[in-house]
Amino acid sequence: MTGSRPVLVVGASGYVGSRVVRGLAADGRAVLAAARRPLPDAGDTVIPVRYETVADLPDAVRAACDRAGAPLPGAVVASIGGWHKGAALLDDDPDRWTATLASHLTAHLDAARALSPLLEPGDPYVVINGSASREAMAGSGAICVTGAGLAMLVQVLRLEAAEAGSGAVRFHELVIDHAVAGDDRNVDPAQTRTAAQVVHALGEVLDQPGAPAVVHV
Ligand SMILES: NC(=O)c1ccc[n+]([C@@H]2O[C@H](COP(=O)([O-])OP(=O)(O)OC[C@H]3O[C@@H](n4cnc5c(N)ncnc54)[C@H](OP(=O)(O)O)[C@@H]3O)[C@@H](O)[C@H]2O)c1
């Protein structure tokens, strides 16, 4: 594969990430689909990237691009995290809190540190977040707190990139304000968003250098 620089989707094995991969590919974009778990074949324009830890990811991306004859990515979409409902925060297993901090917040910082050096000045780096980042949800406390922290993380990364000048990537947060249609982990959602709506909003952020810092869909 040669041609335009692919979009790197991290968390490509997830409910949202896998649909983002398929949607971007269906729109004719080259896609690098990165996950620690094996991925199903997603078609000719999707290059799978298997990795063990985020620290290994840049080398895994370079190797996958080499093998496919593709250029390095021109954009990153981080769809890392997810949602669950369980015990109240005061009653929850402390290990779950620690694990959620690691997977829903620290992993995003690790990914941004590892992957932004692969990008060129002005390239987009889009972090996907959920409604729990804005709305307190009983039983999902760790998700809410890490989601709120993730929103601030993106703001700080964007501010620091601006202060670094023209050599920096542009950071955005794409907040999916409702359950994504078909995800059975969301019980009786009041509203849903389709994968197509998510991919459309994402495409606009990827393509428009002047896209807002925070976009809701
Ligand atoms: N599903 C929905 O209805 C919905 C609605 C609104 C917003 N969202 C947002 O969409 C985003 C993704 O959610 P999702 O529902 O797709 O979650 P998901 O199905 O649980 O997938 C999340 C992915 O994150 C990756 N991941 C987890 N821990 C990681 C770590 N420490 N390092 C690197 N990757 C890690 C996993 O991939 P590997 O383990 O294979 O690497 C996993 O496939 C979240 O921000 C969520 O808030 C989802």
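This passage describes helix 2 and helix 4, with the surroundings of their buried residues. The structure is a predicted model, in which local features need pLDDT of at least 70 and side-chain atom pairs count only at pLDDT 80 or more, whereas totals for chains, interfaces and linings use all residues. Residues are numbered from 1 along each chain as its sequence is written, and side-chain values use heavy atoms, with hydrogens and water left out.

Helices (DSSP runs of H or I, at least four residues) and strands (E, at least two) are numbered from the N terminus. Helix 2, formed by residues 57-68, has twelve residues and reaches 16 Å from its first C-alpha to its last, close to the 16 Å expected, the expected span being 1.5 Å times one less than the number of residues. Its buried residues are Leu 57, Pro 58, Ala 60, Val 61, Ala 64 and Cys 65, where buried means under 20% relative accessible area and exposed over 50%, with partly exposed in between (1.4 Å probe, protein chains only). These buried residues lie on the same side of helix 2 because they cover an arc of only 160 degrees around the axis, the arc being that of the directions from the helix axis to the C-beta atoms. On the other side of helix 2, Asp 59, Asp 66 and Arg 67 are exposed. Helix 2 is followed by Gly 69, which has a positive phi near 65 degrees.

The end C-alpha atoms of helix 4 (residues 141-164) are 34 Å apart, in agreement with the 34 Å that its 24 residues should span. Among its buried residues are Leu 150, Leu 153, Val 154 and Leu 157. Just after helix 4, Gly 165 takes a positive phi of about 95 degrees.

With contact taken as heavy atoms within 4.5 Å, the buried residues of helix 2 pack against strand 1, strand 2, strand 3 and helix 3, while those of helix 4 pack against helix 3, strand 5 and strand 6.
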